[in-house]
Amino acid sequence: MGDDHHAAAGSGGKEETIPLLTPYKMGRFQLSHRVVLAPLTRQRSLGCVPQPHAAVYYAQRATPGGFLIAEATGVSHAAQGYPHTPGLWTREQVEAWKPIVDAVHAKGGVFFCQIWHTGRASNYEFQPNGQAPVSSTDRPVAPKESVDGLSVTTYAKPRRLRTDEIPGIVNDFRIAARNAIEAGFDGVEIHAAHGYLLDQFLKDGVNDRADAYGGSLGNRCRFALEVVSAVAGAVGRDRVGVRVSPYTDYMDAADSDPAALGLHLARALGDAGVLYLHAVEPRMRRPTERAETRHSLRPMRDAFGPGRTFIVAGAYAREDGDAAVADGYADLVAYGRLFLANPDLPRRFQLHAPLNQYDRKTFYTPDPVIGYTDYPFLSDETDDGVSK
């Protein structure tokens, strides 16, 4: 196989530069390419404990200098909203993550863990003692048709968090981040997107509070920024990324002015000095729908600040990923479904090789192999640098 940063153009013996496969320095981390494994819920952590087959899955997708973000990982028992999603609040969980992280590091990868709290996107069965999940509000998520086989389609009526309870959840994030570093992760990504707890505070379509965490844009962002501050204080801001989705309305979490929300968050996170901002494209209003829109993430990228790492996600193909990097729209591009189905995605991009098709029916099944570690790699016959 040729080097990671070029592919044969197939004419005149010249090499073309593939923007996605050029090196990039993200803080202390020297990356060999810009193709990021997006955080993908896979529901294969039995009893919320990561399993040995996860080491195979992540190591398959690791490359020397490649950046991987682990699936959303709960910061507490009460943070859970789906079956068999991993956590980082017990000693058993921390120990279970260690060989998984080691497997990625053995391949030369850089590995962050996404930490989350689902808030009202949960149900009684996932909560301690069957209690109500917590949120910014006491209004539930409307019942949903199943998306890609995710288990929860109806949601419990949440309990509105009291003001004096919020510091406790901030501390849950802080402890989970410390546990992630103890498990060997290189850093953490705070999940403040997709209608989960932090997003429930950010969006005025959900947040109906009258205290210091509701009302104005600054108040609605307060909880998320307190989490960022606490996590950065625990593990170092140079090990912290944040994922946001101001334009999406997942889990009924919509905002009346997403552009203003995105700009406010980008400026505040830039001022906080976090390592990167990971933003979901405006075109992805819902998980399985891509819709054209006049909105762009470029104002957020500019507001985040020059020289800071900006990651984009949202149904990217190779071509528009290359364009995003080439014109400075983004530094890194996160791939989800394509990377799930193509464990050697950077190599396929390098060789212009065909891609495996993903199977939605197996995204969230607990099977340790099917739809998880059984997607094929390119055969040796294609490992010749010839464009396909």
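**Group meeting: a walk around the barrel**

Let's start with strand 7. Both of its faces are covered. On one side sit V110, F112, Q114 and W116, and on the other F111, C113 and I115, all buried. That gives 7 buried residues out of 7, a strand that is mostly covered. Keep in mind that this is a predicted model.

Now, who are the neighbours of strand 7? Take strand 6 to begin with. Strand 6 covers residues 67-74, strand 7 covers residues 110-116. The two run parallel, joined by 6 bridges. You can check the pairing by eye. F67 stands opposite V110 in strand 7. Further along, G74 has W116 as its bridge partner.

How many residues of strand 6 are buried? The count is 8 of 8, so strand 6 is largely enclosed by the rest of the structure.

Strand 6 also pairs with strand 5, residues 35-37. Here there are 2 bridges, again in the parallel sense. Look for L37, which stands opposite L68 in strand 6.

Now back to strand 7, and on to strand 10. Strand 10 is residues 187-192. It runs parallel to strand 7, and 4 bridges join them. The pair to find is I115 opposite I190 in strand 10.

Step back from the pairs. In what order do the strands close into a barrel? The order is 5-6-7-10-11-12-13-14, which makes 8 strands, with parallel pairing. On average, neighbouring strands in this sheet are turned by 25° against each other, direction ignored. As background, strands of a sheet pair through backbone hydrogen bonds, either parallel or antiparallel.

Next, the helices. Two packed helices are described by the angle between their axes and the distance between the axes. Helix 5, residues 217-235, appears in two such packings, so let's take each in turn.

Partner one is helix 3, residues 166-182. Helix 3 and helix 5 pack at about 35°, with axes 9 Å apart. Their crossing is right-handed. From helix 3 come I166, I169, V170, F173, R174, A177, R178 and I181. They meet F223, E226, V227, A230, V231, A234 and V235 in helix 5. By class, this contact of helix 3 with helix 5 has 12 nonpolar residues, no polar ones and 3 charged ones.

Partner two is helix 6, residues 258-272. The angle between helix 5 and helix 6 is about 35°, and the axes lie 11 Å apart. Helix 5 passes helix 6 in a right-handed crossing. Helix 5 brings L217, G218, C221, L225 and V228 to this contact. Helix 6 brings A260, L261, H264, L265, A268, L269 and A272. The classes here are 10 nonpolar, 2 polar and no charged residues.

Let's zoom in on one residue of helix 5, C221. Is C221 buried or exposed? Its relative accessibility is 0%, so C221 counts as buried. Leaving out residues up to four places away in sequence, C221 touches L202, L261, H264 and L265. For a sense of scale, try C221 and V101. They are 120 residues apart in sequence, and 32 Å apart in space, C-alpha to C-alpha.

Now helix 8, residues 318-326. Its buried residues are R318, G321, D322, A324 and V325. Seen down the helix axis, they fall within an arc of 160°, so they line one face of helix 8. Turned away from that buried side is a face carrying the exposed residues E319 and A326. The background is simple. An α-helix has 3.6 residues a turn, so residues three or four places apart point the same way. After helix 8 comes G328, with a positive phi near 80°.

That brings us to backbone oddities. Most residues other than glycine have a negative phi. Which residues go the other way here? Two to look at are Q43 and H194.

Q43 is not a glycine, yet its phi is positive, about 55°. Q43 lies in the loop between strand 5 and helix 1. It is buried, with a relative accessible area of 2%.

H194 has a positive phi too, near 60°. You will find H194 in the loop between strand 10 and helix 4. At 13% relative accessibility, H194 counts as buried, the cut-off being under 20%.

That's the tour. Questions, please.

Methods:
Residues are numbered from 1 along each chain as its sequence is written. This is a predicted model: local features need pLDDT of at least 70, side-chain atom pairs count only at pLDDT 80 or more; totals for chains, interfaces and linings use all residues. Side-chain values use heavy atoms; hydrogens and water are left out. Axes are lines fitted to C-alpha atoms, for helices over the stretch in contact, and angles run from 0 to 180 degrees between N-to-C directions. Helices (H or I, at least four residues) and strands (E, at least two) are DSSP runs, numbered from the N terminus. A crossing is left-handed if the near helix is turned anticlockwise from the far one by less than a right angle, and right-handed if clockwise. Contact means heavy atoms within 4.5 Å. Ala, Val, Leu, Ile, Met, Phe, Trp, Tyr, Cys and Pro count as nonpolar, Asp, Glu, Lys and Arg as charged, and the others, Gly among them, as polar. Buried means under 20% relative accessible area, exposed over 50%, partly exposed in between (1.4 Å probe, protein chains only). The arc is that of the directions from the helix axis to the C-beta atoms. Two strands pair if DSSP finds at least two bridges between them.
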